[in-house]
Amino acid sequence: MAANRLAILTLAVLAACGGDRGASMAADSLSRDLQRLPVDSSAVLNDQAGATPVAVTPAPAPAPKPVSKPKPAPKPAPKPKPAPAPAPLALGAGATMATSLDREISSKTDKPGAIVTASVASDVKDASGRVVIPAGSRVTMTITQIHESENKGDKTGKLTLTPTAVEIGGQSYALTGSADPLDRKLVDRKTNAGDVAKVGAGAAAGAIVGRVIGGSTKGAVIGGLIGGAVGTQRAIETQDRDVVVPASSRVEITLDGTFTR
């Protein structure tokens with residue numbers, strides 16, 4: 001408002017001094033000034049230099065994700081050391097086994113070379129208590145010698161058995177040793193032609209001796225009786241007796257060397 005008043009006063013002064021033309025020019029100037037928008041002179045100017053453009057730094061590209069390395073396959077656990085192989089099953093020389101004969105042996109029917117078998121009666125174990133030959137195993141034997149008893153002085157006749165193999169679980173193993181039939185016996189044979197011949201020979205010999213000595217038939221008869229008696233005794237003394245080992249009787253086998261399976 002103070003500015004308007006000052007302008008009007010100035011206009012009046014100029015009119016008085018300069019006439020109409022000056023007043024007209026002053027009026028136009030004043031009119032233009034009045035048409036301007038009032039300016040608040042108390043406003044604080046805040047002119048600033050043009051802002052310096054700030055260079056925009058692009059955001060860094062995201063770092064590529066590290067490629068994960070495949071995990072190494074786990075090392076296989078070390079294989080356990082194999083257990084030491086067990087010692088082989090074995091029996092030393094001198095080991096014995098009890099067997100039971102499967103059939104009868106007789107010098108009347110069997111000849112050398114005949115084969116017989118026996119069943120092991122009980123488990124045969126080594127020094128550690130392990131069963132080497134189980135009960136029920138079959139032992140094969142060969143009759144290597146057999147002969148009847150021909151006189152009373154021969155109490156046993158002749159019989160030799162030789163073990164050759166033992167079968168265990170269907171598998172055969174070689175076996176060496178000797179076999180002793182514990183239940184052998186002698187069985188008298190019935191009188192045969194040989195025994196009759198012995199009696200006849202004794203009677204004839206006695207008759208001849210009686211005839212020579214007595215010089216008569218009576219002496220020959222007496223001599224024949226005596227000779228017959230001698231022949232009979234001779235037949236009895238020399239009567240054949242068979243060696244017999246009954247079935248299921250005991251046969252003890254003794255090993256000659258080491259047996260291993």
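Which residues is Ile105 in contact with, leaving aside its neighbours within four places in sequence? The legends below address this question and others for a predicted model.

**View 1. Ile105 and its surroundings in the predicted model.** Leaving aside neighbours within four places in sequence, Ile105 is in contact with Asp110, Val116, Ile143, Ile146, Leu159, Leu161, Val243, Val244 and Val245. Ile105 also belongs to the largest nonpolar core, which holds 29 residues. Within this core, Ile105, Ile133, Met141 and Phe259 touch the most other members. At least two core residues come from each of strand S2 (96–101), strand S4 (115–120), strand S6 (131–133), strand S7 (138–147), strand S8 (158–168), S12 and strand S13 (250–255).

**View 2. The open sheet with strand order S3-S12-S11.** The sheet consists of 3 strands, and their pairing is antiparallel. Strand S3 (105–106) and S11 stand at the edges; each has a single partner strand, so one side of each is left without a neighbour in the sheet. S11 and S12 run antiparallel and are joined by 4 bridges. Leu186 illustrates this pairing, since its bridge partner in S12 is Val243.

**View 3. Asp242 in strand S12.** Strand S12 spans residues 241–245 and includes Asp242. Is Asp242 buried or exposed? With a relative accessible area of 4%, Asp242 falls under the 20% limit and is therefore buried. Not counting residues up to four places away in sequence, Asp242 touches Ser106, Ser107, Lys108, Glu148, Lys185, Leu186, Val187 and Arg189. One of these residues, Lys108, places its backbone nitrogen 3.5 Å from a polar atom of the Asp242 side chain.

**View 4. The salt bridge between Asp242 and Arg189.** Side chains of opposite charge can pair when their charged atoms come close. In the salt bridge formed by Asp242 and Arg189, the closest N and O atoms are 2.7 Å apart. The pair links distant parts of the chain, with the two positions 53 residues apart in the numbering. Asp242 lies in strand S12, whereas Arg189 lies in the loop between strand S11 (185–188) and helix H2 (193–214). Salt bridges that share partners join Glu148, Arg189 and Asp242 into one network.

**View 5. Two further salt bridges, Asp110 with Arg103 and Asp126 with Arg130.** How many salt bridges does the structure hold? The structure holds 6 salt bridges, and two further examples are shown here. The side chains of Asp110 and Arg103 meet at an N to O distance of 3.1 Å. Asp110 counts as buried at 8% relative accessibility, whereas Arg103 is partly exposed, with a relative accessible area of 31%. In the salt bridge between Asp126 and Arg130, the closest N and O atoms are 3.0 Å apart. Asp126 is buried, with a relative accessible area of 14%, while Arg130 is partly exposed at 29%.

**View 6. Strand S10 and its pairing with S13.** In a regular strand the side chains alternate between the two faces of the sheet. Strand S10 (residues 177–181) shows such an alternation. Gly177, Ala179 and Pro181 point to one face and are buried. Ser178 and Asp180 point to the other face and are not buried. S10 pairs with S13 in the antiparallel sense over 5 bridges. Gly177 stands opposite Leu255, which lies in S13.

Methods: Residues are numbered from 1 along each chain as its sequence is written. This is a predicted model: local features need pLDDT of at least 70, side-chain atom pairs count only at pLDDT 80 or more; totals for chains, interfaces and linings use all residues. Side-chain values use heavy atoms; hydrogens and water are left out. Buried means under 20% relative accessible area, exposed over 50%, partly exposed in between (1.4 Å probe, protein chains only). A polar contact is a pair of N or O atoms within 3.5 Å; within protein, one must be able to donate a hydrogen and the other to accept it, and residues adjacent in sequence count only if both atoms are side-chain atoms. Contact means heavy atoms within 4.5 Å. A salt bridge is a side-chain nitrogen of Lys or Arg within 4 Å of a carboxyl oxygen of Asp or Glu. Two strands pair if DSSP finds at least two bridges between them. A nonpolar core is a set of buried Ala, Val, Leu, Ile, Met, Phe, Trp, Tyr and Cys residues joined through side-chain atoms within 4.5 Å.
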